[in-house]
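Work through the exercises below with the sequence and the coordinates open. Each task is followed by a solution in steps.

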Amino acid sequence: MKNLSLLFLALISMAPSCNNKPKVEYPENNNGGNLELVEAYPNLRFTRPVDFQSPNDGTDRVFVAEQEGKISFFENDETVSETTEFLDISSKVDDNHNEEGLLGLAFHPNFRENGYFYVNYTASSSETLISRFTISSSDPNKADPGSELVLLRFDQPYGNHNGGQVAFGPDGYLYISTGDGGSGGDPKGNGQNLNTLLGAILRIDVDQTSGSKNYGIPADNPFVNRSMAQPEIYAYGLRNPWRISFDKESGRLWAADVGQNAYEEVDIIEVGKNYGWNDMEGLHTYQSGENSSEYTAPVLEISQDTGDKSITGGYVYRGTAAPSLTGQYIFADYVSGRIYALSENSDGTFSNQTLMDTRLNIASFGLDQQNELYICAFDGKIYKLKE
């Protein structure tokens, strides 16, 4: 998400009303025009939906997090007409700035047994909190709002660039995306500072504790034994990785990092790697920054001259409703509304394809229990792709 709050507000005001169909144009390279963007749940509307998650507990329910601090769920059926409130922490959440609020939701891999789930939100104390909540002992369809266990909390010097995703990896550890702390250009140099949790991907063990911490540090985290470095850091040098995701098949960790004023980028996150911000923006030096062989280049750079100005990361598609997209990383841009498919070539390079142009402010993507892909837009609707 961008750091220009006035621009963000203007874009919101231009978003289509809930009664308007999005304008979708199909370029020649969109698989012959067979791909459709449709409303997944025509009878439901949400307020600024920022995350869509499945608990993978066999119930085929899906959960939507709204930025103000509410989570609701419903049956994964296109005819569904009602949602059930799961958790409301809006009294704890600070969403005064456009990039603040309840930003991420993840269910424990053993959620069916332990009832644990995790959220990422900003508080009025100008902090990000990573907290665990538990299902109510009296109602399995409700979370217990009093069960909060704060795992991590760290300062946010400005109101933007908060990252926001929490996601469990195939190793069972919880990964957390954090922004550089905000303002513009990373004035505090957090992106290249290993002694802060900002501008990084963090990795923690929620099933262990370590000293006074309510979580453990994986022994193979790359900076565990380095002085003046935070042991939670898995990778760093990022500006605002708003959405990250794991490929269900390969286990790769993908991140879409929002650019400053020139380039958006897609990264494949690897352990211990430095992705260059704020010396680099995409493949280019930023201001007086210098390129270095220590920096890991993005797999894709998109110039903001195209109209893309705030990349929204998605998922590698592993569903069945749109078979032509299998194995491709599907993502979008919040400002332009374009939806893309990034595929890897046989030589290890990547090719990007425009799937469609929309007028939607696409804030997030999500998967259901069948690995079908869903799109959260700020017109209040949830969409999906099908052929």
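A polar contact is a pair of N or O atoms within 3.5 Å; within protein, one of the two must be able to donate a hydrogen and the other to accept it. The model used throughout is predicted.

**Exercise 1. A polar contact in a loop**

Task: Locate Gln156, decide whether Gln156 is buried or exposed, and find the side chain with which the side chain of Gln156 makes a polar contact.

Solution:
- Step 1. Gln156 belongs to the loop between E9 and E10.
- Step 2. The relative accessible area of Gln156 is 5%. The cut-off for buried is under 20%, so Gln156 is buried.
- Step 3. The side chain of Thr128 is the partner, at 2.8 Å. This value satisfies the limit of within 3.5 Å for a polar contact.

**Exercise 2. Two residues with positive phi**

Task: For His161 and Gln287, give phi, the place in the chain and the exposure class.

Solution:
- Step 1. Most residues other than glycine have a negative phi.
- Step 2. His161 is not a glycine, yet its phi is positive, about 55 degrees. Gln287, also not a glycine, has a positive phi of about 50 degrees.
- Step 3. His161 lies in the loop between strand E9 (143–155) and E10. Gln287 sits in the loop between strand E18 (284–285) and strand E19 (300–303).
- Step 4. The relative accessibility of His161 is 0%, so His161 counts as buried. For Gln287 the value is 67%, so Gln287 counts as exposed.
- Step 5. The side chain of Gln287 has a polar contact of 3.1 Å with the side chain of Tyr286.
- Step 6. From Gln287 to Arg338 the C-alpha to C-alpha distance is 28 Å, with a separation of 51 residues in sequence.

**Exercise 3. A cis peptide bond and a cavity**

Task: State which peptide bond is cis at Asn278, then describe the largest cavity by volume and lining.

Solution:
- Step 1. Most peptide bonds are trans. The bond from Trp277 to Asn278 is cis, with omega near 10 degrees.
- Step 2. Asn278 is placed in the loop between E16 and E17.
- Step 3. The structure has one cavity of 30 Å³ or more, and the largest cavity holds about 50 Å³ of space.
- Step 4. Trp277 is among the residues that line the largest cavity; the others are Arg239, Asp257, Val258, Gly259, Tyr263, Glu265, Met280, Glu281 and Gly282.
- Step 5. Strand E16 (263–269) and strand E17 (280–281) are the elements that give two or more residues to this lining.
- Step 6. By class, the lining of the largest cavity has four nonpolar, two polar and four charged residues.

**Exercise 4. Two open sheets**

Task: For the sheets E10-E11-E12-E13 and E20-E21-E22-E23, identify the edge strands and give the average twist.

Solution:
- Step 1. Strands of a sheet pair through backbone hydrogen bonds, either parallel or antiparallel.
- Step 2. The sheet E10-E11-E12-E13 is open, has four strands and pairs in the antiparallel sense. Strand E10 (166–168) and strand E13 (233–236) each have a single partner strand, so they stand at the edges and one side of each lacks a neighbour in the sheet.
- Step 3. In this sheet, neighbouring strands are turned by 20 degrees against each other on average, direction ignored.
- Step 4. Three bridges join E10 and strand E11 (residues 174–177), which pair antiparallel. Val166 has Ile176 in E11 opposite.
- Step 5. The sheet E20-E21-E22-E23 is also open, with four strands and antiparallel pairing. Its edges are strand E20 (311–316) and strand E23 (350–356); each has a single partner strand, so one side of each is without a neighbour in the sheet.
- Step 6. From one strand to the next, the twist here averages 25 degrees.
- Step 7. Strand E22 (residues 339–344) runs antiparallel to E23, with six bridges between them. Glu344 has Phe350 in E23 as its bridge partner.

**Exercise 5. The largest pocket**

Task: Give the volume of the largest pocket and the make-up of its lining.

Solution:
- Step 1. The volume is about 540 Å³.
- Step 2. The lining of the largest pocket has 24 residues; Gln53, Asn56, Ala167, Phe168 and Lys248 lie nearest its centre.
- Step 3. Strand E6 (102–107), E10 and strand E14 (243–246) are the elements that give two or more residues to the lining.
- Step 4. The classes are 13 nonpolar, eight polar and three charged residues.

Technical notes
Residues numbered from 1 in each chain as written. Predicted model: local features only at pLDDT ≥ 70, side-chain atom pairs only at ≥ 80, totals over all residues. Heavy atoms only, no water. Buried < 20%, exposed > 50% of the residue type's maximum accessible area, 1.4 Å probe, protein only. 1 Å grid on protein atoms, 1.4 Å probe; cavity = no way out; pocket = protein on both sides within 12 Å on 5 of 7 lines; lining within 4 Å. Points joined across faces, edges and corners; volume = space filled by probe spheres on them. Nonpolar A, V, L, I, M, F, W, Y, C, P; charged D, E, K, R; others polar. Pairing = 2+ DSSP bridges. Axes fitted to C-alpha atoms, helices over the stretch in contact; angles between N-to-C directions.
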